[in-house]
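Trainee: I would like a close look at one part of this model. Please take the salt bridges, and then place the surface and the buried positions around them.

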Amino acid sequence: MTRAEFEDAVRDALDEIPRDLARQMDNVVVLVEDDAPADDPELLGLYEGTPLTERGSWWAAGALPDRITIFRNPTLAICDDREDVVEEVVITVVHEVAHHFGIDDERLHELGWA
């Protein structure tokens, strides 16, 4: 899958987020990178920022956007075909967006999104 096709899959996954939730996403950018960090090369996605549940009045003053990064090569490495990639991208995007809303890995595992 080309990078452009993968980016389209990420865009489509974001479109799957219910509008009510998408409207509540605040100051967050979603990026695609080819490779995961060297210290965790099998990582599929990463949320970096301050979850909405932890933001106070202090937060907005000059805060950079939160970042959700979806890693292309590790995702392609665990998938057998295009359909698997699309499914895994949806799971990864939902998982990382959930972190933006303050949902931790334990709860995501309980919900089947990890």
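Mentor: What follows starts with the charged pairs and then moves to the patches and to a few single residues.

This is a predicted model. A search through the whole structure gives seven salt bridges. Four residues deserve the close look: Arg3, Glu7, Asp34 and Arg72 are joined in a network of salt bridges.

Start with Asp34. Its bridge to Arg3 has its closest N and O atoms 3.2 Å apart. This pair links distant parts of the chain. Asp34 sits in the loop between strand S1 (28-33) and strand S2 (45-48). Arg3 belongs to helix H1 (residues 3-15). The two residues are 31 residues apart. Asp34 is partly exposed, because its relative accessibility is 27% and the partly exposed class runs between 20% and 50%. Arg3, at 29% relative accessibility, is also classed as partly exposed.

Asp34 has another partner. Its side chain meets that of Arg72 in a salt bridge, 3.4 Å from N to O. Asp34 is in the loop between S1 and S2 and Arg72 is in helix H3 (residues 72-78), so this bridge ties together parts 38 residues apart in sequence. How accessible is Arg72, buried or exposed? Arg72 is buried, because its relative accessible area is 14% and the buried class lies under 20%. Thus Asp34 has a salt bridge to Arg3 in H1 and a salt bridge to Arg72 in H3.

Now take a local pair. The side chains of Glu110 and Arg107 form a salt bridge at 2.9 Å, N to O. Both residues lie in helix H5 (residues 105-111). They are three residues apart, about one turn of the helix. Glu110 is exposed, with a relative accessible area of 52%. Arg107 is partly exposed at 41%.

Next, the surface patches. Asp80, Asp81, Glu83 and Glu87 gather on the surface in a patch of negative charge. Glu83 can stand as an example. Its place is helix H4 (residues 82-100). Glu83 counts as exposed because its relative accessible area, 62%, is over 50%. There is a nonpolar patch as well. Ile103, Leu111 and Trp113 make this surface patch of about 230 Å². Trp113 lies in the segment after H5. Its relative accessibility is 32%, which puts Trp113 in the partly exposed class.

Return to H4 for a charged residue under cover. Glu96 is found in that helix. At 5% relative accessibility, Glu96 is buried. What does Glu96 touch, not counting residues up to four places away in sequence? Its contacts are Gly45, Leu46, Tyr47, Ile68 and Ile70. Take Leu46 from that list. Glu96 and Leu46 are 50 residues apart in sequence, and their C-alpha atoms are 6.4 Å apart in space.

Thr69 gives a view from a strand. It is found in strand S3 (residues 66-71). Thr69 is buried, with a relative accessible area of 3%. Leaving aside neighbours within four places in sequence, Thr69 is in contact with Leu31, Glu33, Leu44, Gly45, Leu46 and Glu48. Gly45 and Leu46 are among the contacts of Thr69, and Gly45 and Leu46 are among those of Glu96.

Go back to the loop that holds Asp34. Pro41 also has its place in the loop between S1 and S2. Pro41 counts as exposed at 53% relative accessibility. It touches Ala36 and Pro74, not counting residues up to four places away in sequence. Pro41 and Arg55 are 14 residues apart in sequence, and 30 Å apart in space from C-alpha to C-alpha.

Last, helix H1 again. Glu5 is found there. At 32% relative accessibility, Glu5 is partly exposed. Glu5 and Val29 are 24 residues apart along the chain, and 19 Å separates their C-alpha atoms.

To close, return to the charged network. Arg3, Glu7, Asp34 and Arg72 are linked by salt bridges. Within it, Arg72 is buried, whereas Asp34 is partly exposed.

Notes
Residues are numbered from 1 along each chain as its sequence is written. This is a predicted model: local features need pLDDT of at least 70, side-chain atom pairs count only at pLDDT 80 or more; totals for chains, interfaces and linings use all residues. Side-chain values use heavy atoms; hydrogens and water are left out. Patches are made of residues with over 30% relative accessible area and no salt bridge: like charges are joined within 9 Å, nonpolar side chains (Val, Leu, Ile, Met, Phe, Trp, Tyr) within 5 Å. Accessible areas come from the Shrake-Rupley method with a 1.4 Å probe; for residues, only the protein chains shown count as cover. Lys and Arg count as positive and Asp and Glu as negative; His and the chain ends are not counted. The place of a charge is taken as NZ of Lys, CZ of Arg, CG of Asp or CD of Glu. Helices (H or I, at least four residues) and strands (E, at least two) are DSSP runs, numbered from the N terminus. Buried means under 20% relative accessible area, exposed over 50%, partly exposed in between (1.4 Å probe, protein chains only). Contact means heavy atoms within 4.5 Å.
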